[in-house]
Amino acid sequence: MLAYTDSKENQTTLVLIHGYCETKNLWNDFIKIITPYFRVICIDLPGCGESPNITQATIELSDFADQIHQTLQSIGVQKYCMVGHSLGGYVTLAYAKKYTSYLNGIGLFHSTAFEDDEAKKEVRIKAAEFVREHGARAFVAPMIANLFDETNREQHRGIINRIIKEAEKEDVESIAKTSLAMRTREDSSELISALNIPVLFIVGKKDVAVPLTKSIEQCHLPKDAHVYFFENVGHMGMFEETTKCQQVILNFLTYCSNR
């Protein structure tokens, strides 16, 4: 079972999935305005935070989805919104493909339904090779900083250092295997077109990890899309535009619970 936190109060439930080289602690401050109104469960993905390391030779994002489902079933929740940041969005889509009936909405928080292009797939291979050769800190330190728009980095230096400090503790093989799992993930554009539940998109206009053009391409695909663009935000809107992103999540949860 995966590690998690659970606010337990309230009936309508939000499941938050963190991104690559992050942990459930990413959401600690962000959820404070949400928990008075909704139950919030934050999960550590395999190889991250307090969850077990990835021990099998290879892993797919569908395996992540299975482990999340096992964890949520052990908690006893049966219906929820799931919102994932970056890698967490890919995992949310893998979950939606297998366990749609448990969802009343999904959110892609700086994430994409499209598979990697060939150039990005090559980057995933090089990332796995680099972290195996040089270790976690050498890999995560520049990567985490670059997720913030350059105009926001200095004011968020403490947060950046905190995320790096947690990430450098992660198992090197788990980091590498997760990179390769992202590389082999399937395109989910047909999936989000077919879903009969609301789909939320939170987009940073300065995001270098998920280019704005790709975000725009996917926003029209769902039958019930909720799309928010933020100026001067990179890949970390939960810090770069905390209050606005919190309100977006609250509004989306309210909408999903009232359908």
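# Reading a predicted fold, feature by feature

Guide: Asn 152 is buried, because its relative accessible area is 8%, and the cut-off for buried is under 20%. Please keep in mind that what we are looking at is a predicted model.

Visitor: Where is Asn 152 found, and with which residues is Asn 152 in contact, leaving aside its neighbours within four places in sequence?

Guide: Asn 152 sits in the loop that runs between α4 and α5 (157-167). Once its neighbours within four places in sequence are set aside, Asn 152 is in contact with Asn 232, Val 233 and Glu 240. Lys 244, 92 residues from Asn 152 in sequence, lies 16 Å from Asn 152 in space, C-alpha to C-alpha.

Visitor: Let us turn to the sheet; in what order do the seven strands stand, and which strands stand at the edges?

Guide: The seven strands form an open sheet with mixed pairing, and their order is β1-β3-β2-β4-β5-β6-β7. β1 (4-6) and β7 (225-230) are at the edges, each with a single partner strand, so one side of each is left without a neighbour in the sheet. On average, and with direction ignored, neighbouring strands of this sheet are turned by 15 degrees against each other.

Visitor: How should I read a single strand, taking β2 as the case, and how many of its residues are buried?

Guide: The general idea is that in a regular strand the side chains alternate between the two faces of the sheet. In β2, five of its five residues are buried, with Thr 13, Val 15 and Ile 17 on one side and Leu 14 and Leu 16 on the other, so that both faces are covered. Strand β2 (residues 13-17) runs parallel to strand β4 (residues 80-85), to which four bridges join it, and the bridge partner of Leu 14 in β4 is Cys 81. Five bridges join β2 to strand β3 (residues 39-43), again in parallel, and there Leu 16 stands opposite Cys 42.

Visitor: Which helices pack on or lie across these strands?

Guide: Helix α2 (residues 87-98) packs on the sheet, where it touches β2, β4 and β5 (103-109), and its direction makes about 145 degrees with that of β4. Helix α10 (residues 242-258) lies across β2, β4, β5, β6 (199-204) and β7, and runs at about 170 degrees to β6.

Visitor: How do I read the packing of one helix against another, and at what angle do α1 and α2 pack?

Guide: Two packed helices are described by the angle between their axes and the distance between the axes. Helix α1 (residues 61-75) and α2 pack at about 75 degrees, with their axes 8 Å apart, and α1 and α2 are therefore roughly perpendicular to each other. Among the residues that meet are Phe 64, Ile 68 and Leu 72 in α1 and Val 91 and Tyr 95 in α2. By class, the contact of α1 with α2 has ten nonpolar, two polar and two charged residues.

Visitor: Are α3 and α4 roughly perpendicular or oblique to each other?

Guide: Helix α3 (residues 118-134) and helix α4 (residues 136-146) pack at about 130 degrees, their axes 6 Å apart, and are therefore oblique to each other. The contact involves residues including Phe 130 of α3 and Phe 139 of α4.

Visitor: Finally, which residues have the most contacts inside the largest nonpolar core?

Guide: In soluble globular proteins, nonpolar side chains tend to be buried together. Here the largest nonpolar core has 85 residues, and Ile 68 and Leu 72 have the most contacts inside it. Beyond its neighbours within four places in sequence, Ile 68 is in contact with Leu 2, Ile 17, Ile 43, Leu 45, Met 82, Val 91 and Tyr 95.

Key. Residues are numbered from 1 along each chain as its sequence is written. This is a predicted model: local features need pLDDT of at least 70, side-chain atom pairs count only at pLDDT 80 or more; totals for chains, interfaces and linings use all residues. Side-chain values use heavy atoms; hydrogens and water are left out. Axes are lines fitted to C-alpha atoms, for helices over the stretch in contact, and angles run from 0 to 180 degrees between N-to-C directions. Helices (H or I, at least four residues) and strands (E, at least two) are DSSP runs, numbered from the N terminus. Angles under 35 degrees count as roughly parallel, over 145 as roughly antiparallel, 65 to 115 as roughly perpendicular and the rest as oblique. Contact means heavy atoms within 4.5 Å. A nonpolar core is a set of buried Ala, Val, Leu, Ile, Met, Phe, Trp, Tyr and Cys residues joined through side-chain atoms within 4.5 Å. Buried means under 20% relative accessible area, exposed over 50%, partly exposed in between (1.4 Å probe, protein chains only). Two strands pair if DSSP finds at least two bridges between them. Ala, Val, Leu, Ile, Met, Phe, Trp, Tyr, Cys and Pro count as nonpolar, Asp, Glu, Lys and Arg as charged, and the others, Gly among them, as polar.
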